[in-house]
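Here is a briefing on a ligand shell and on aromatic contacts. Look at the structure first, then read on.

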Amino acid sequence: MASSYRPPVLGSLALIAIVIGVSAVGFAYTAGWFSPQRLTPDRFVEAFAPPTGVALGHRRNHAKGICFTGVFEANGAGSELSQAQAFTRRQYPVLGRFDLGTADANAPDATVRVRGLGIRISTPDGQEWRSAMIDPPFFPVSTPQAFYELLRASGSKEPNALETFAIAHPEFAKFGDWAKTAPCTGSYAEERFNSINSFIFVDRSGNDHVVRWSLLPAAQPVALSPEELAKRGPDFLEQEIVHRVADAPQRWTMVVTVANPGDPTADPTVAWPPDRRSIQVGTPAT
Ligand code: HEM
C-alpha cells in the first residue's frame with residue numbers, strides 16, 4: 001500500500017532558518033554590532049594598545065615577562081576545601097611566567113609598578129589549574145567597565161583625563177597610595193603574588209568555600225629606594241631571576257584564605273581583613 005506520509009520539508013527548512021537566524025543575531029550581539037558603546041572583548045583588547053602601537057607577538061597586557069618551569073608540592077591541607085587533584089599531597093609540574101603589568105613589551109623594568117605571576121599546575125587526571133596573580137593586595141577598580149575607562153584615561157591626550165577618572169572612581173585612590181608607598185623589591189623572587197579575585201572551591205562533600213589565595217615568598221623582601229631602582233638596567237628583573245634560579249630554586253608558600261560570611265566576594269578593590277582563616281596548602285618552586 002502506498003504511504004501518504006510526506007516529510008515536513010518546509011517545516012524543517014523553517015526550523016533551520018530560525019536556528020541560523022538566532023545564532024547570527026547572537027554572534028552580532030556578542031560582537032557589539034547592535035550597541036557600539038557596549039564593552040566587548042575586542043574593544044577591551046584594543047584599549048590595551050600602547051601609543052607606540054600593538055607589539056605583535058606579545059601578550060596585549062603583561063607583555064614583558066620570562067617563563068620558567070617548576071613544581072608545586074601540595075601538602076594535602078587544601079583537600080579540606082577543594083576536591084581538585086592539585087591539592088592532594090604530592091608534587092605536580094608547573095609552567096609559569098613572571099611578568100610586568102604593562103602592554104609595552106619594551107618598558108624598562110623600574111617604570112612598571114605592578115608585577116605579575118601566571119602559573120599552570122598540571123595534574124595526572126588531565127586537569128590544569130591556572131592562576132594569574134599580581135603583587136598589589138587589591139585591584140585598582142571594581143569592574144571590567146571601570147578598568148576599561150581607566151585604560152582610556154591613561155592613554156588619553158586630555159591632560160585632566162586621569163584626574164577626572166579618579167574623581168568618578170574614588171576606590172582608585174587606595175591603589176594610588178599603594179603604588180606610592182609599598183616597598184619595591186629588586187626581584188620577582190621577593191614578591192608576594194595575590195589572586196585578588198575571589199573563587200569558589202568545592203570540597204568532596206559538595207560544600208562551597210569562597211577563597212582567595214596568595215604566594216608568600218621564602219626570600220626576604222628587600223626594599224629598593226627610587227634612586228637604587230633608577231640605576232638598574234632596563235631588564236634587571238629578568239636578569240636577576242635567571243641568576244638567582246641558577247644558584248638555587250626559589251620558593252613560595254601558597255596560602256588559601258577563606259571568606260567570612262558577609263565579606264565582599266565580587267569587589268577586587270577590597271582586601272579581606274587579615275584575621276581571616278588561612279591554610280597553607282603547598283609550596284610552588286622554580
Ligand atoms: C577586567 C579585568 C582584566 C582584564 C580586562 C585583563 C586583561 C588581560 C589581558 C588582555 C592579558 C593578556 C592575555 C594574553 O594576551 O595572553 C592579561 C594577562 C594577565 N593578567 Fe589580566 N586582566 C584583568 C584582570 C586581571 C587580574 C585581576 C589579575 C590578577 C589577579 C590579572 C593578571 C594577569 C596576569 C598575571 C597576566 C599574564 C598572564 C600570562 O603570563 O600569560 N589580570 N590580562
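The points below cover the ligand site, the ring pairs and the charges over rings.

This is a predicted model: local features need pLDDT of at least 70, side-chain atom pairs count only at pLDDT 80 or more, and totals for chains, interfaces and linings use all residues. Numbering runs from 1 along each chain as its sequence is written, and side-chain values use heavy atoms, with hydrogens and water left out.

**Ligand shell**

- The ligand has 19 residues around it, where a residue is near if one of its heavy atoms lies within 4 Å.
- Arg 59, Arg 60, His 62, Arg 97 and Ser 195 come nearest.
- Polar contacts are pairs of N or O atoms within 3.5 Å; within protein, one must be able to donate a hydrogen and the other to accept it, and residues adjacent in sequence count only if both atoms are side-chain atoms.
- The side chain of Arg 59 places an N or O atom 2.7 Å from an oxygen atom of the ligand.
- Arg 60 uses a polar backbone atom, 3.3 Å from a ligand oxygen atom.
- His 62 has a polar side-chain atom 3.5 Å from a nitrogen atom of the ligand.
- Strand 2 (90-100), strand 4 (128-134) and helix 3 (144-154) each give two or more residues to the shell. Helices (H or I, at least four residues) and strands (E, at least two) are DSSP runs, numbered from the N terminus.
- Strand 4 gives the most, with three residues.
- By class, the shell holds 10 nonpolar, five polar and four charged residues. Nonpolar means Ala, Val, Leu, Ile, Met, Phe, Trp, Tyr, Cys and Pro; charged means Asp, Glu, Lys and Arg; the others, Gly among them, are polar.

**Aromatic pairs**

- The whole structure has 17 aromatic pairs. Rings of Phe, Tyr and Trp (its six-membered ring) pair if their centres lie within 6.5 Å; planes under 30 degrees apart are stacked, over 60 edge-to-face, the rest tilted.
- Phe 44 and Phe 48 are stacked, at 5.8 Å centre to centre and 15 degrees between the planes. Both are buried, that is, under 20% relative accessible area (exposed is over 50%, partly exposed in between; 1.4 Å probe, protein chains only).
- Ring pairs join Phe 44, Phe 48, Phe 139, Phe 147 and Tyr 148 into a cluster.
- Phe 172 and Phe 175 are also buried. Their rings are stacked, at 6.5 Å and 15 degrees.
- Phe 172 and Phe 175 are separated by about one helical turn, because they lie three residues apart in helix 5 (residues 172-181).

**Charges over rings**

- Arg 113 lies over the face of Trp 178, 4.5 Å from the ring centre. The criterion is NZ of Lys or CZ of Arg within 6 Å of the ring centre and within 35 degrees of the ring normal.
- Lys 174 has its charged end over the ring of Phe 138, 4.4 Å from the centre.
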